[in-house]
Amino acid sequence: MPTILGIESTCDETAAAVVVDGHDVRSDVVASQAELHAKYRGVVPEIASRAHIENILPVLREAMSEASVGLDDVDAVAVAHRPGLIGSLLIGVTAAKTLAWAAGKPLVGVDHVHAHLYSVMLEHNDPPPMPAVGLVVSGGHTALYRVGSWLDVELIGTTIDDAVGEAYDKVAAILGLGYPGGPVIDRLARDGDPRAVNFPRTLLARDSLDFSFSGLKTAVLYNVRGVPGRGEDVKAGGPAQLSEQNLRDVAASFQAACVDVIVKKLRRAIEHVGAKSVIVGGGVSANRGLRDALTRLPVPAFVPPLKYCTDNAAMSAGLAHVYHRAGRFSALDLDAITYSQFREG
Ligand code: KG4
Ligand code: ZN
């Protein structure tokens with residue numbers, strides 16, 4: 001039963017995990033940087049890469065000691081090497097290469113977004129029927145995939161502007177709430193009226209599997225602060241003047257618009273792929289409104305346990321197990337690949 005040490009540092013979490021046999025999570029350590037970035041209401045790349053440097057060795061040590069394994073017991077070192085912030089990626093990729101080289105173990109590079117999908121397999125033995133539609137909804141990604149197998153993952157749709165998690169974070173900033181915005185909007189939405197404001201549902205062309213969330217975000221801004229150019233003062237009437245109930249209603253209406261769009265695109269994708277199931281991953285898959293809506297799809301939906309929805313290294317170690325079994329290893333010159341290189345490529 002192969003034992004894989006996984007490393008994650010694509011954005012603002014430094015994480016390491018030990019996973020046996022692709023699903024048995026022996027340790028899963030995540031050092032979150034959320035507090036460092038909170039006052040900027042978003043991730044500051046330079047701060048993120050510095051924090052990764054400080055965190056990587058303690059996190060690795062903790063993951064290995066919690067799992068009671070040494071480097072000798074490990075069959076491969078896995079790392080999410082794309083896509084992400086370059087300074088952040090480089091820390092994890094360099095650590096993984098160094099450990100693999102020093103211990104004479106194979107290196108396995110995985111795609112962070114594919115790993116988000118694989119997180120449904122952690123602590124779970126019942127694999128989703130395939131072909132499946134994969135949906136990754138996070139702070140950096142909103143993407144649809146055709147998943148023929150864990151080795152055959154094809155992108156079929158993506159956001160043309162903001163990621164859905166990014167829209168949650170920006171709307172939270174507009175409403176004067178904290179960062180990250182997803183959990184707090186989700187909580188407020190529970191007690192709000194989703195029909196209070198009819199926010200736009202941008203579906204693009206009739207058969208499009210792409211997403212757009214920037215119009216929705218702007219609609220929330222105008223709803224809360226007024227429309228510029230109509231003599232309305234965008235500064236006055238801001239979130240401070242929203243009553244608690246108004247705030248909950250705006251949160252619920254925004255969430256309803258996001259969930260509606262995601263579900264409509266999922267239905268299109270299920271038909272397009274001839275899918276037997278839907279696999280959902282990424283930070284926004286923790287969202288209660290989305291999880292409820294997924295139960296009403298025509299095919300079963302697989303969603304990871306809450307702790308594996310956000311960035312972690314167990315998902316990378318798990319996916320690397322499949323690659324390891326297939327002999328898909330990486331050379332020691334494995335590159336870190338950023339978001340923009342990824343989009344161009
Ligand atoms: O997957 P993740 O940890 O990092 C990226 O790869 O981006 O996702 C973080 C994102 C943030 O935008 C956060 O606001 C969002 O996931 N998020 C949520 C919820 N929990 C986290 N969005 C909506 N509802 C939630 N319950
Ligand atoms: Zn992620």
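**Zinc site, nonpolar cores and open sheet**

In this predicted model, His 112 counts as buried because its relative accessibility is 3%, below the 20% limit that defines the class. His 116 is likewise buried, with a relative accessible area of 1%. Both histidines belong to helix α4, which spans residues 112–118, and they are four residues apart, about one turn of the helix. Each of them contributes its NE2 atom to the coordination of the zinc ion (ligand 2), and Asp 311 coordinates the ion through OD, with distances of 2.0 to 2.2 Å. In sequence, the spacing of the donor residues is H-x3-H-x194-D. The angles among the four donor atoms run from 93 to 142 degrees, and the site is irregular. The site is not classed as tetrahedral because that class requires all angles to lie between 85 and 135 degrees. For reference, the ideal angle for four tetrahedral donors is 109.5 degrees.

The largest nonpolar core comprises 49 residues, of which Val 133, Leu 144, Phe 213, Phe 254, Ile 262 and Leu 266 touch the most other members. Two or more residues each are given to this core by strands β6 (132–137) and β9 (277–281) and by helices α5 (164–174), α6 (181–189), α7 (214–225), α8 (244–273) and α9 (288–294). Helix α8 supplies the largest share, 15 residues. With residues up to four places away in sequence left out, the contacts of Leu 144 include Val 133, Leu 135, Leu 155, Ile 156, Leu 209, Phe 211 and Leu 266, as well as Glu 154 and Lys 265. A further core of 35 residues lies apart from the largest one, and Val 19, Val 147, Val 153 and Val 322 are among its members. In soluble globular proteins, nonpolar side chains tend to be buried together.

Five strands make up an open sheet of mixed pairing, in the order β3-β2-β1-β4-β5. Strands β3 (24–32) and β5 (107–111) form its edges, each pairing on one side only. On average, neighbouring strands are turned by 20 degrees against each other, direction ignored. Strand β1 (residues 3–8) runs parallel to strand β4 (residues 76–82), and four bridges join the two; Ile 7 has Val 79 of β4 as its bridge partner.

Two helices lie across strands of this sheet. Helix α2 (residues 45–66) lies across β1, β2 (13–20) and β3, at about 20 degrees to β2. Helix α10 (residues 314–325) lies across β1, β2, β3, β4 and β5, and runs at about 115 degrees to β5.

How values were computed:
Residues are numbered from 1 along each chain as its sequence is written. Chains are lettered from A and ligands numbered from 1 in the order in which they are written. This is a predicted model: local features need pLDDT of at least 70, side-chain atom pairs count only at pLDDT 80 or more; totals for chains, interfaces and linings use all residues. Side-chain values use heavy atoms; hydrogens and water are left out. Donors are N, O and S atoms within 2.8 Å of the metal (3.2 Å for Na, K and Ca); water is not among the atoms, so sites may look incomplete. Four donors count as tetrahedral if all angles lie between 85 and 135 degrees; four count as square planar and six as octahedral if opposite donors are over 155 degrees apart and all others between 65 and 115; anything else is irregular. Buried means under 20% relative accessible area, exposed over 50%, partly exposed in between (1.4 Å probe, protein chains only). A nonpolar core is a set of buried Ala, Val, Leu, Ile, Met, Phe, Trp, Tyr and Cys residues joined through side-chain atoms within 4.5 Å. Contact means heavy atoms within 4.5 Å. Two strands pair if DSSP finds at least two bridges between them. Axes are lines fitted to C-alpha atoms, for helices over the stretch in contact, and angles run from 0 to 180 degrees between N-to-C directions.
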